[in-house]
Amino acid sequence: MAAGFWARLPLRLLLLAAVSLCAGAEDGRCDYYELCPATQPSMLNVHLLPHTHDDVGWLKTVDQYYYGAQNSIQHAGVQYILDSVVSALLANKSRRFIYVEIAFFSYWWNKQTAQRQQEVRQLVCQGRLQFANGGWVMNDEATTYYAAIIDQMTLGLNFLKDTFGDCGRPRVAWHVDPFGHSREQASLFAQMGFDGYFFGRLDYQDKERRKIQREMEQVWRASVNLQPPHADLFTGVLPNGYSPPLNFCWDMLCSDYPLVDDPDSPEYNVKGLIKYFLNISAVQAQYYRTNHIVMTMGSDFHYENANMWFKNLDKLIQLVNAQQSNGGSINILYSTPACYLWELNKANLTWSVKQDDFFPYADGPYQFWTGYFTSRPALKRYERLSHKFLQVCNQLEVLAGPAASVGSYGQGSSARLRQAMAVAQHHDAVSGTSKQHVANDYAWQLAAGWEKCQVLVSNALASLGNSKKDFVFCNQLNISVCPLSQTANHFQAILYNPLAWTITQTVRLPVGAWAYHVTDPSGQSVPSEVIDVSAEGSENSPRELIFPASAPPLGFSIYSVTRLPSRTLQFRDCCSPPVAQSSGPLVIQNEHLRAIFDPNTGFLQEIENLDLGLSLPVSQSFYWYNASTGDINHPQASGAYIFRPAKTKPFPLRHWANTRLVKKALVQEVHQNFSAWCSQVVRLYPGQRHLELEWTVGPVPIRDGFGKEIISRFDSQLKTNGRFYTDSNGREILERRRDYRPTWDFKQTEPVAGNYYPVSSRIYITDGQVQLTVLTDRSQGGSSLRDGSLELMVHRRLLVDDDRGVGEALLEPGDEPGTGLVVRGRHLVLLDTVEAAAAGHRLQAQREALAPQLVLASSGQDVPHSPGSPARTQFSGLRRELPPAVHLLTLALWGPSTVLLRLEHIFERGESRALNLSQPVTVDLQDLFSAFTISRLEETTLAADQLLSKASRLQWRTSTGGPARPQPAPFLDPSAVTLQPMEIRTFLASVTWSEARDG
């Protein structure tokens with residue numbers, strides 16, 4: 001990929017011309033809605049919305065789309081679109097346009113002349129070029145994690161703020177293409193200060209019902225925890241997805257007839273086309289409540305020749321409005337989503353309220369878009385790991401200061417990974433719905449970001465630890481590969497903890513010997529063991545060293561590992577031989593949990609919570625759905641987007657598993673082998689309050705001619721009454737009911753796929769007393785298809801395309817030619833009472849998302865980073881831990897003496913009464929951090945592009961009352977910052993750096 005597109009951009013682009021950009025802007029504020037065109041109160045106003053939808057990767061890579069390369073795949077060139085649109089806008093002052101994807105726009109902008117930049121600024125000041133959404137990308141809503149969504153929106157919105165000032169700030173969220181819509185996404189948009197939200201895709205049954213009931217627009221109450229209207233967001237469904245009405249597509253990629261207005265031409269078509277337009281406008285108006293409607297005039301990569309579009313739209317506007325002199329009642333105008341929203345707000349109607357979400361999405365019978373919840377599982381995991389590493393990089397950039405960016409290890413930067421992670425949130429990236437070479441490119445860009453961050457992390461660790469070491473990042477530990485630990489006689493393991501609480505974790509490292517001595521940061525011996533990770537039981541068996549380690553909040557601990565002389569036959573007591581199928585029950589346990597396995601099948605049979613005296617018979621095994629390639633009911637096949645099994649009942653992978661028991665002081669494991677391509681290790685460490693299931697699946701065989709969708713299923717006798725629960729982008733929990741939708745009379749056509757929902761971090765079932773929760777390490781599709789049962793889809797390998805545009809079967813390649821992909825992952829299982837469950841899954845989900853970062857260092861003579869100062873073996877960026885309900889969501893450098901800081905209450909109201917974790921929490925920020933002292937604190941909206949004290953949103957009257965008036969920004973005392981349940985508070989902190997951080 002060309003280095004230019006991914007070149008380093010500063011976190012804050014200090015563009016002086018943006019300070020007082022627009023004439024007449026008072027106090028930097030923009031009279032945004034006053035820039036909207038005039039409408040006709042007594043007529044039906046048709047708002048034409050010229051736009052282009054530019055995927056940040058899909059059929060082509062990001063660079064291929066920008067430059068217009070590889071047009072044999074798809075004709076698209078974003079640089080030409082932006083060139084053409086700006087010229088067309090400058091040619092006619094009545095024209096308007098919206099742009100969305102800031103990843104593309106920012107790159108284009110930096111290549112423009114000063115004169116062209118000034119012309120574009122004027123277009124923005126005049127409201128003729130408006131930005132909608134404003135994120136780096138238009139992110140997916142099902143497979144994304146909330147913190148990554150916030151990061152990518154922050155990147156894009158602050159580019160716009162720094163470049164164009166307040167007139168560049170989007171007032172409307174615009175998600176026209178994502179395949180279903182999450183409640184948490186709407187909540188985040190509301191907290192970012194958006195006035196409204198428009199999208200294109202929703203279930204076909206839901207859309208028909210809404211048209212009949214004229215409920216295409218309403219207020220979405222996107223949180224049950226935040227006080228209205230804090231998370232309320234006006235939401236509208238666009239009439240044609242995001243495409244133009246039939247016969248009105250005037251792009252070079254379309255084939256519709258142009259408007260021929262010469263009556264002497266044999267091609268003259270004005271009368272018929274205008275009559276048709278007036279008719280479709282009147283029909284569309286029947287489904288909406290005001291005398292304003294919208295028509296999206298554009299689609300994928302449109303406006304490369306903007307003159308084609310605008311020339312025909314100019315004629316359309318002139319010809320339709322000319323009818324008014326003959327009694328016509330339709331007024332047509334160039335507009336934007338924000339200007340349309342402004343007219344709806346001025347109507348002062350009372351709007352209905354929605355409180356659930358828009359999943360799953362189906363565009364017809366038998367056509368549920370629930371496969372992409374799992375598609376490309378390895379990329380989904382890499383994206384989640386990259387989010388964690390970006391937070392580590394951000395934090396150390398703050399804690400170590402300038403020494404992190406430029407040091408002994410080179411120039412480090414978080415910018416490359418920040419941009420790559422933002423791109424990965426695109427609705428064809430982490431969703432797994434791009435072509436294979438594009439998916440490869442997404443991963444490549446993440447890897448390039450990792451390289452830059454690894455330099456930064458090395459510089460920071462050397463500075464904070466006052467010791468220059470040969471740092472090594474073992475990025476293949478998931479397949480037990482780390483050359484340093486496998487060959488070195490002595491090395492160090494540095495455990496960095498990005499959480500604001502002390503953590504304890506068992507470190508696992510592949511090694512080459514059977515005995516090691518481990519010491520902690522104070523030089524004290526730490527218990528350690530080496531276990532055989534295979535069934536070989538030989539001297540040359542692959543093995544792993546395990547030892548417990550802890551790290552302070554926002555800090556690191558350094559452990560030293562030394563190889564001991566070989567102990568004869570040490571390997572023989574590492575594990576038991578394979579267990580015969582009738583040798584009695586297998587049991588693993590620690591002080592909190594016991595897991596019992598069926599002696600005949602080798603499957604999990606029962607889980608006991610020893611602390612609570614709970615016992616639940618629960619079995620777990622793997623199954624596969626035969627992917628449909630179309631049938632007598634419908635030709636729809638399973639593919640990257642669509643999940644459609646040929647039969648409702650999955651096939652068991654096997655009716656038993658070969659098992660092997662490992663019982664050591666530091667771990668107990670049952671190794672299960674289900675087939676040549678599916679195995680699992682069920683594991684318990686001392687002190688662990690969850691059961692860990694590490695599964696390995698693939699290459700999925702397809703020589704039998706069947707595409708396969710692999711699930712892990714848990715079956716119990718819990719009476720769950722058709723209900724189960726999933727998270728929304730890792731935050732609030734939503735109730736799901738089998739074969740049911742809360743807002744319409746749902747007609748089920750796919751009893752499996754139609755009951756699948758996105759699981760970003762957890763899914764659970766409960767009978768009201770006992771709760772069984774499964775945490776995931778990436779986004780997956782999940783469901784409960786019968787009472788007491790949970791299933792999660794872990795892998796997919798399919799033979800045909802599902803005809804949604806990608807044009808490829810989901811056949812991810814493995815390491816060898818012709819083989820499929822092998823995927824490894826973890827499910828964490830918790831058994832609790834309902835009262836205690838939230839404390840378990842809320843805290844553990846954060847530990848999973850931001851697990852400690854392990855960095856190794858080879859042995860040798862360490863060189864002091866600052867001569868005369870002692871080396872540190874332990875460091876914490878906090879002077880004290882945060883309370884357990886408070887999560888440090890963001891700590892990132894914002895300027896030379898400014899830090900971006902986000903705090904989050906991670907519990908919902910009333911869900912943790914037993915431990916009192918659902919109560920408001922107050923924290924003192926003033927002397928919290930060891931690396932700096934906060935001298936001034938300013939609170940902002942969620943994306944940090946508006947001061948909260950100056951932010952305001954349009955208010956809406958709802959069927960539940962209102963409009964509810966927002967509470968004024970609270971008085972800000974850094975020594976007493978209070979968080980309500982599920983509240984995120986964002987601050988820009990002016991800081992004074994501490995000498996202590998320099999060692």
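**Exercise 1. Describe the surroundings of Thr873.**

Step 1. Thr873 sits in the loop that runs between strands β41 (853-858) and β42 (874-876). Helices (H or I, at least four residues) and strands (E, at least two) are DSSP runs, numbered from the N terminus. The model is a predicted one, in which local features need pLDDT of at least 70 and side-chain atom pairs count only at pLDDT 80 or more, while totals for chains, interfaces and linings use all residues. Residues are numbered from 1 along each chain as its sequence is written, and side-chain values use heavy atoms, with hydrogens and water left out.

Step 2. The relative accessible area of Thr873 is 34%, so Thr873 is partly exposed (buried means under 20%, exposed over 50%, partly exposed in between, with a 1.4 Å probe and protein chains only).

Step 3. Leaving aside residues up to four places away in sequence, Thr873 touches Pro521, Phe556, Ser557 and Ile558 (contact means heavy atoms within 4.5 Å).

Step 4. A polar atom of the Thr873 side chain lies 2.8 Å from the backbone oxygen of Pro521.

**Exercise 2. Work out how helix α2 packs against helix α3.**

Step 1. Two packed helices are described by the angle between their axes and the distance between the axes. For α2 (residues 78-91) and α3 (residues 102-109), the angle is about 70 degrees and the axes are 10 Å apart. Axes are lines fitted to C-alpha atoms, for helices over the stretch in contact, and angles run from 0 to 180 degrees between N-to-C directions.

Step 2. The angle makes α2 roughly perpendicular to α3 (65 to 115 degrees; under 35 is roughly parallel, over 145 roughly antiparallel and the rest oblique).

Step 3. Val78, Gln79, Leu82, Asp83 and Val86 of α2 make the contact with Phe104, Phe105 and Trp108 of α3.

**Exercise 3. State what the disulfide of Cys36 and Cys339 connects.**

Step 1. The whole structure holds five disulfides (pairs of cysteine sulfur atoms within 2.5 Å).

Step 2. In the pair Cys36 and Cys339, the sulfur atoms are 2.1 Å apart. The link is left-handed, with -90 degrees about the S-S bond.

Step 3. Cys36 belongs to the segment before β1 (44-50) and Cys339 to helix α10 (residues 337-346), so the link ties together parts that are 303 residues apart in sequence. Cys36 and Cys339 are both buried.

**Exercise 4. Is Cys254 buried or partly exposed?**

Step 1. Cys254 forms a disulfide with Cys249, their sulfur atoms 1.9 Å apart.

Step 2. Cys254 has 23% relative accessibility and therefore counts as partly exposed. Cys249, at 11%, counts as buried.

Note on methods. A polar contact is a pair of N or O atoms within 3.5 Å; within protein, one must be able to donate a hydrogen and the other to accept it, and residues adjacent in sequence count only if both atoms are side-chain atoms.
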